[in-house]
Structures are given as structure tokens and as C-alpha cells.
Amino acid sequence: MVSPATLTKPATLTKPAAIAAPSTPARLLASLHAAILDWYAVAARPLPWRDPDTTAWGVFVSEVMAQQTPVARVEPVWREWLQRWPTPAHLAAAAPGEAVRAWGRLGYPRRALRLHEAAQVITERHGGQVPAEPEELRALPGVGEYTAAAVACFAFGVAVPVVDTNVRRVLVRLLDGAEYAAPSLTRAERDLAAAALPRDAGDAAVWNVAVMELGALICTARSPRCGECPVQDSCRWLGAGRPAYQGPARRGQAWEGTDRQARGALLQVLRDAPGAVDEAQLAQAWPSEAQRQRCLDALVSEGLVEPLANARFALPGTQLE
DNA sequence: TACTCGTGGGC
DNA sequence: TGCCCAAGAGT
């Protein structure tokens, strides 16, 4: 394989690399592979979607649910979904509002809607089978670069780099010596992840999930357990004395009084009601009228809420007679 | 690119 | 205790 560092581009298109991709010697890379794969073999959590019997659909659902949501919270909801909708066709046949309701409190409920849309596309255009190629997966609603790679790799064994927030943090600490990765995924990080991928396809699939697991359990964002890390002796960040992050300041997510809080309150009312709700019930959940109207309009236009007659509302396709 | 989009647990 | 952040995607 050609080292990314040897690829040449016109100077005008070359951006400064957030990560100075070190041309990691093959010998060091091999020892990192062995240490992390060995660690994963004994430390991996028994997540149900890692079971060899789990279908590609099960993997797909788990990856969408885990977007920005801790996996510990995903597990019980995932079990309910797979029992209720064991194939894409089962979900596609359900009302979209039922997907939103069954999403529960995982957050970002538009993911439930997109998962429902993806199930319809898979059913109608892919013969009910989750596609195996990253490019086909990427075309499905709610599937971005990460999820496409994750499903291709974990469900079908396709040897592509899988780069999530855990992988980014592990690689930047281990190989670049920084505490945190840049705010957004850079070209240099993609190159680094590709260069770090084991050549053996079988090892590559396990490597991806193993690095993710290392980031989730050991190389955590807040309080990394460096003393338990299988590659602590090779870590540039630890070796440098764990220097503090020097990049652009991360802005916190405002919450109190935001539209996100309002939308969450409104949708909770609709999730918890068996059928339609009226204006008064929504007003009780969010008294500010202007903001309530704005958020309700947005929820309707996004397809998360269905307006009914007489100023009543319901989850889409779920209103009772 | 920068911003929006939920929710809850750990430190 | 409040703040940070979690297997990102869409615009």
C-alpha cells in the first residue's frame, strides 16, 4: 500500500494537516495491532449486536441508535426493536409514528424516522436485504460516512476504516500525542485511520471494533485509564505527560429554554399518549406559546408530528379512530 | 463550515 | 453541583 504521506497534490489544494500523520513503522504498527486485538479478546463488552447470529439489520439498527447515544442506553431499546421488527420489511410496514414512539428516550428522534425510511428503501430497492457496500449504505436515510463503514465492516466484514469519536481520540493520542482530535474529521485523520488498518481483512474488522472499544472503556474523553491501557508504553500523549488540549475551544450545548428542550417536551407528550393530544396538553408541557408553535410547526414539517382536525396532534400514522 | 438536533449519566 | 459528552447526520 502507498503511504498517504507520499501522495502528492497541487499545493493550492493542500491544507495543513490537523494530524501530522506519522509514518508509523510497520514493526510498531504490528505490535499495536497485537496488543489491542489481544486486549479486546478479553475486555470486550458482550453487546448483543456483536453476537455472530445477529443479522445485518440488527447491526444496522444498533449503529443508528448508537449515533450520539451511549451504547448502554441503546441495548434495551435495540432488543425491543429487533423483537418487534426483526427485518426491514417488518419496520417498513409499521406506521412511522410507531417507530418514533418505540424510540423512547434515546434522543434525536429524527433518527427513528430515518430508520423507518431506510427500512422502506431497503425493502423496495434492495429486496429486503441490507446492502453490504459502503456506497450503497451511504445512500440510505440517516446513514453517513461512519455508519456506512460500520455496517459494511461489522455486518459484512468489509475491510474499511471505521472512524468514530472513539477511534479519533485513540489515534490522536496514541500516534499524534494530542489530548483531543480536531472538531471535525479531517483528511489527515482518514489517511491515518486507513494507514493503521491491519492488512489482513479479518484483523481489520476486529481492529475497528477493538479501537472503538478501547476508546469507550479505557481511552475515554474525561478520565482516561492510562494505567490499564494495552498500548500505554507506545502512547505519544502519555509519553509527553498528557499535555492539555490546545485546539479551538469546544462550545457547550445550550439547553435551558432552547427549541431542543421544547421539542423534547412536546414529543414526550405525544409518545406517552396512546392517540391524539390537544392544544391544552401541549401547552401544559411547554407554556411559551410562540416557541411552542414554532417547534410544533417544525416537528410537523419534519414528519415527526401529524396535525389532525380540531387542533389535535398525533405521532404520524398512529391516530386512533 | 458551522450549526442544529435529545437525553441522561459520570465526574 | 453543574458541566461535559456520548458508535453522527443533515443542511
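Helices are DSSP runs of H or I spanning at least four residues, numbered from the N terminus. On that basis, helix 9 supplies three residues to the lining of the largest cavity, the largest share. The model described here is predicted.

The count of cavities of 30 Å³ or more comes to three. The largest cavity holds about 130 Å³ of space. Its lining is made up of 15 residues. Closest to the centre of this cavity are Arg 173, Cys 219, Cys 226, Cys 229 and Cys 235. Helix 9 and helix 12, residues 236-239, each supply at least two residues of this lining. By class, the lining of the largest cavity divides into twelve nonpolar, one polar and two charged residues.

The second largest cavity holds about 70 Å³. Its lining consists of Pro 161, Val 162, Val 167, Leu 171, Ala 193, Ala 196, Leu 197, Trp 207, Asn 208 and Val 211. Three helices each give at least two residues to this lining: helix 9, helix 10 (187-196) and helix 11 (201-217). Helix 11 provides the largest share, three residues. The lining of the second largest cavity has nine nonpolar residues and one polar residue, with no charged residues. Helix 9 thus appears in the linings of the largest cavity and the second largest cavity.

Val 170 also belongs to helix 9. The relative accessible area of Val 170 is 3%, so this residue is buried; the cut-off for that term is under 20%. Pro 131 lies 39 residues from Val 170 along the chain. The C-alpha atoms of Val 170 and Pro 131 are separated by 29 Å.

Contacts with DNA strand C come next. Around this strand there are 28 residues. Ala 66, Gly 142, Thr 147, Asp 164 and Arg 222 come nearest. Of the atoms of DNA strand C within 4 Å of the protein, 61% belong to sugar or phosphate, and the rest belong to bases. Polar contacts reach both parts of the strand. At a base, a nitrogen of DNA strand C lies 3.3 Å from a polar side-chain atom of Arg 50. At the backbone of the DNA, a phosphate oxygen lies 2.9 Å from a backbone N or O atom of Gly 144. The side chain of Thr 147 places an N or O atom 2.6 Å from a phosphate oxygen of DNA strand C. Helix 8 (145-156) and helix 9 (165-176) are the elements that give two or more residues to the surface near this strand. By class, that surface has eleven nonpolar, eight polar and nine charged residues.

DNA strand B has 21 residues around it. Arg 105, Pro 109, Arg 110, Arg 263 and Gly 264 come nearest. Of the atoms of DNA strand B within 4 Å of the protein, 59% belong to sugar or phosphate, with the rest in bases. Gln 68 and Thr 69 both approach bases of this strand. A polar backbone atom of Gln 68 is 3.2 Å from a base nitrogen of DNA strand B. For Thr 69, an N or O atom in the side chain is 2.9 Å from a base nitrogen. Arg 271 instead contacts phosphate: a polar side-chain atom of Arg 271 lies 3.4 Å from a phosphate oxygen of DNA strand B. Helix 13, residues 259-272, gives the most to the surface near this strand, with five residues. The residues of that surface divide into eleven charged, six polar and four nonpolar.

The strands of the protein form an open sheet of three members. The order is 1-3-2, and the pairing is antiparallel. Strand 1 (277-278) and strand 2 (306-308) are the edge strands, each pairing on one side only. Strand 3 covers residues 312-314. Strand 2 and strand 3 pair in the antiparallel sense over three bridges. Within this pairing, Leu 308 stands opposite Arg 312 of strand 3.

Definitions and conventions. Residues are numbered from 1 along each chain as its sequence is written. Chains are lettered from A and ligands numbered from 1 in the order in which they are written. This is a predicted model: local features need pLDDT of at least 70, side-chain atom pairs count only at pLDDT 80 or more; totals for chains, interfaces and linings use all residues. Side-chain values use heavy atoms; hydrogens and water are left out. Two strands pair if DSSP finds at least two bridges between them. A residue is near a molecule or strand if one of its heavy atoms lies within 4 Å of it. A polar contact is a pair of N or O atoms within 3.5 Å; within protein, one must be able to donate a hydrogen and the other to accept it, and residues adjacent in sequence count only if both atoms are side-chain atoms. Ala, Val, Leu, Ile, Met, Phe, Trp, Tyr, Cys and Pro count as nonpolar, Asp, Glu, Lys and Arg as charged, and the others, Gly among them, as polar. On a 1 Å grid over the protein atoms alone, a cavity is a set of points where a 1.4 Å probe fits but cannot get out, and a pocket is an open set with protein on both sides within 12 Å along at least five of seven lines; lining residues have an atom within 4 Å of a point. Grid points are joined across faces, edges and corners, and a volume is the space filled by probe spheres set on the points. Buried means under 20% relative accessible area, exposed over 50%, partly exposed in between (1.4 Å probe, protein chains only).
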